Amino acid sequence: MRGTTRTVAVAGISAAALLLAGCGGGGDEGGDTTDSAAKAGGAITVRGCNPENPLIAGNTSETCGGNVLDVITAKLVKYNVDTAAPENDIAESIETSDNQNFTVKLKKDYKFHDGTVVKAKNFVDAWNYTAYGPNAQLGSYFFEPVEGYADLQSEDPDGDGPQKAPTPKAKEMTGLKVVDDTTFTIKTTEKVANLPVRLGYTAFSPQPDAFFTDPKTFGDKPIAAGPYKVDAWTKNSEIKLSKFADYSGDKKGNLDNITFKIYQDSNAAYADVQANQLDVTDEVPASAQIDDKYKTDLPDRNLQKPVGVIQTITTAPAKVDPNYGPEVRKAISMAINREAIIKAIFNGSREPATGWVSPVVDGYKADVCGEFCKYDPAKAKEQLAKAGGFKGGKMTLSYNADASHKEWTEATCNSIKQALGVDCVATPVVDFSTFRTQIHDRKMKGMFRTGWQMDYPSIENFLAPLYGTGASSNDGDFSDPAFDAKLKEAAAATDAAESNKLYQEAEAIVAKDMATIPLWYSTATFGWSDKVTNVKSTPFGVPDYAGISLK
């Protein structure tokens with residue numbers, strides 16, 4: 001990605017850990033805007049969508065809630081908005097001599113939105129809450145490396161029929177210790193060279209004392225420590241934020257108010273931007289990308305940029321729908337004409353995926369998928385026959401209808417149908433919240449669209465959370481002991497090149513069973529009204545909301 005690499009990194013991290021966080025390649029198309037004469041203050045509205053869950057940092061694993069949490073939370077580490085390089089935020093330092101024992105020192109008097117000071121126990125208590133199995137937090141998996149995590153998980157009860165899981169052995173991880181108000185320690189079960197790089201992810205946010213009084217209702221109006229705070233959340237309508245006057249960080253927001261207006265249709269959001277009724281949309285519909293129409297619709301107020309996002313197709317776990325085994329997935333993959341779909345629907349603004357890791361992170365390796373990600377109708381049909389044919393009647397490809405997915409899912413189904421001779425139907429689900437709930441509850445059958453926006457800039461982040469056994473975003477329930485073992489081996493390597501090599505070997509295991517079907521590497525395409533300036537995309541594909549200004 002473009003941008004000058006800054007040397008302000010996490011104090012005390014080994015050089016190898018910093019190398020693991022590096023970004024490479026890419027470039028801007030239509031550039032970010034910077035206006036030194038922009039005004040301070042004012043209010044804007046931006047496109048939002050329905051969060052799957054209440055806004056609890058440890059229980060949010062999707063972008064509708066995550067985009068809001070990114071603006072209101074502060075963590076030990078933040079990621080540079082230009083390069084994604086890790087920089088200290090609440091942390092004064094994170095030190096380790098062995099990549100297994102870490103000492104974290106906090107900046108003094110860093111405040112939550114309720115005026116209370118962020119202390120070491122606010123991290124330790126929040127992390128233990130998220131990791132504790134019975135709390136069923138989606139971010140629990142991110143704490144798996146911490147010593148004692150396994151004792152916070154309930155063992156599956158034996159016997160037929162529904163059984164109540166036993167209470168875990170412990171409620172607190174032995175690897176977390178509060179030393180004093182501004183110091184705590186982390187001990188991992190095994191060496192984890194890039195742990196400090198991970199600590200800017202939302203699940204690692206601290207929680208104020210008020211959270212533990214009533215966690216169930218806290219997420220409707222969360223208290224965090226970021227540059228903006230939540231004033232009100234009207235379900236299915238809007239989430240209103242205001243600037244936190246006592247924000248302790250060094251990147252204070254420019255605007256007084258930001259409102260996430262929840263849309264059920266990306267075309268409606270785009271039309272509102274054109275009419276200056278919405279100030280920023282982070283999604284330009286397919287109809288406006290054909291022949292770069294959005295550049296004519298929104299001259300000098302648009303951007304397109306390669307980002308750390310990959311789009312895939314996931315198939316329901318075998319216990320939910322047994323008709324989409326690994327060999328069938330390979331046939332489906334070869335039946336998808338990625339190049340034609342990208343050209344027709346996205347005006348050539350995507351790159352066909354040849355593996356499961358984005359090109360923007362170090363460790364990316366091209367053509368991991370091999371022949372199975374190359375369009376070949378004849379071989380696809382042979383592969384399906386080899387797999388015993390498709391026994392499910394018709395194939396379905398589900399998508400959330402509140403975003404711009406209708407055109408490409410229909411085109412993908414048409415490609416599959418023509419190549420395999422099996423009926424394929426693109427199936428809409430009303431909105432993202434409902435869509436993700438059906439997936440998490442394992443009620444979604446057939447195929448469904450999945451996308452991954454990196455949580456932190458590492459090859460590991462495109463593999464472990466998605467394909468590790470029991471991982472939080474492992475929607476297809478992929479499980480392979482060899483893959484899990486390779487992840488641990490890679491995480492323990494202190495040499496960046498060796499670690500990347502081991503992660504590449506783990507990706508090859510994913511390829512062997514075609515755990516998901518890679519489609520394309522994404523670009524962020526934004527549009528904005530003529531009232532705002534300083535609009536830029538982070539390497540994560542999200543607007544830098546705090547940096548936006550009124551003209």
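## Cavities, a pocket and aromatic pairs

The structure holds four cavities of 30 Å³ or more. Keep in mind as you look around that this is a predicted model.

Let us begin with the largest cavity, which has a volume of about 70 Å³. Its lining is made up of Arg47, Gly48, Cys49, Thr63, Cys64, Asn67, Val68, Ile239, Phe260, Ile262 and Asp282. Three elements each supply at least two residues of this lining: β1 (43–48), α2 (63–72) and β10 (257–262). The largest share comes from α2, with four residues. By type, the lining of the largest cavity divides into six nonpolar, three polar and two charged residues.

The second largest cavity has a volume of about 60 Å³. There are 13 residues in its lining, and the closest to the centre are Ala57, Leu69, Thr73, Gln207 and Ala224. Here the lining residues divide into ten nonpolar, three polar and no charged.

Next comes an open space, the second largest pocket, with a volume of about 1,200 Å³. This pocket is lined by 43 residues, and those nearest its centre are Tyr141, Tyr149, Thr469, Gly470 and Ala471. The elements that give two or more residues to the lining are α15 (464–467) and α16 (481–492). Which of them gives the most? That is α16, with four residues. The lining of the second largest pocket divides into 17 nonpolar, 14 polar and twelve charged residues.

Here are the three linings by residue type.

| Space | Nonpolar residues | Polar residues | Charged residues |
|---|---|---|---|
| Largest cavity | six | three | two |
| Second largest cavity | ten | three | no charged |
| Second largest pocket | 17 | 14 | twelve |

Now for a piece of the fold. Strand β14 (residues 395–400) pairs with strand β15 (residues 424–429) in the parallel sense, over six bridges. To find one of these bridges in the viewer, pick Ser398, whose bridge partner in β15 is Thr427. Together with helix α13 (residues 406–420), β14 and β15 make a right-handed β-α-β unit.

The aromatic side chains are worth a visit too. How many aromatic pairs does the structure hold? There are 21 aromatic pairs. One of them joins Tyr129 and Phe212 in an edge-to-face arrangement, with 6.4 Å centre to centre and 75° between the planes. Tyr129 belongs to helix α3 (residues 120–131) and Phe212 to helix α5 (residues 209–213), so this pair ties together parts that are 83 residues apart in sequence. Phe212 is partly exposed, because its relative accessible area of 30% lies between the 20% limit for buried and the 50% limit for exposed.

Another pair is formed by Tyr324 and Phe390, whose ring centres are 5.1 Å apart; their planes stand at 65°, so this pair is edge-to-face as well. This pair links distant parts of the chain, 66 residues apart: Tyr324 sits in the loop between β12 (302–315) and α10 (326–334), while Phe390 sits in the loop between α12 (377–386) and β14. Are these two residues buried or exposed? Both Tyr324 and Phe390 are buried.

Finally, there is an aromatic cluster to locate. Phe123, Trp127, Phe142, Phe143, Phe184, Tyr201 and Phe204 form one such cluster.

Technical notes: Residues numbered from 1 in each chain as written. Predicted model: local features only at pLDDT ≥ 70, side-chain atom pairs only at ≥ 80, totals over all residues. Heavy atoms only, no water. 1 Å grid on protein atoms, 1.4 Å probe; cavity = no way out; pocket = protein on both sides within 12 Å on 5 of 7 lines; lining within 4 Å. Points joined across faces, edges and corners; volume = space filled by probe spheres on them. Nonpolar A, V, L, I, M, F, W, Y, C, P; charged D, E, K, R; others polar. Pairing = 2+ DSSP bridges. Right-handed = clockwise from strand over helix to strand, strands pointing away. Phe/Tyr/Trp six-rings, centres within 6.5 Å; stacked < 30°, edge-to-face > 60°. Buried < 20%, exposed > 50% of the residue type's maximum accessible area, 1.4 Å probe, protein only.
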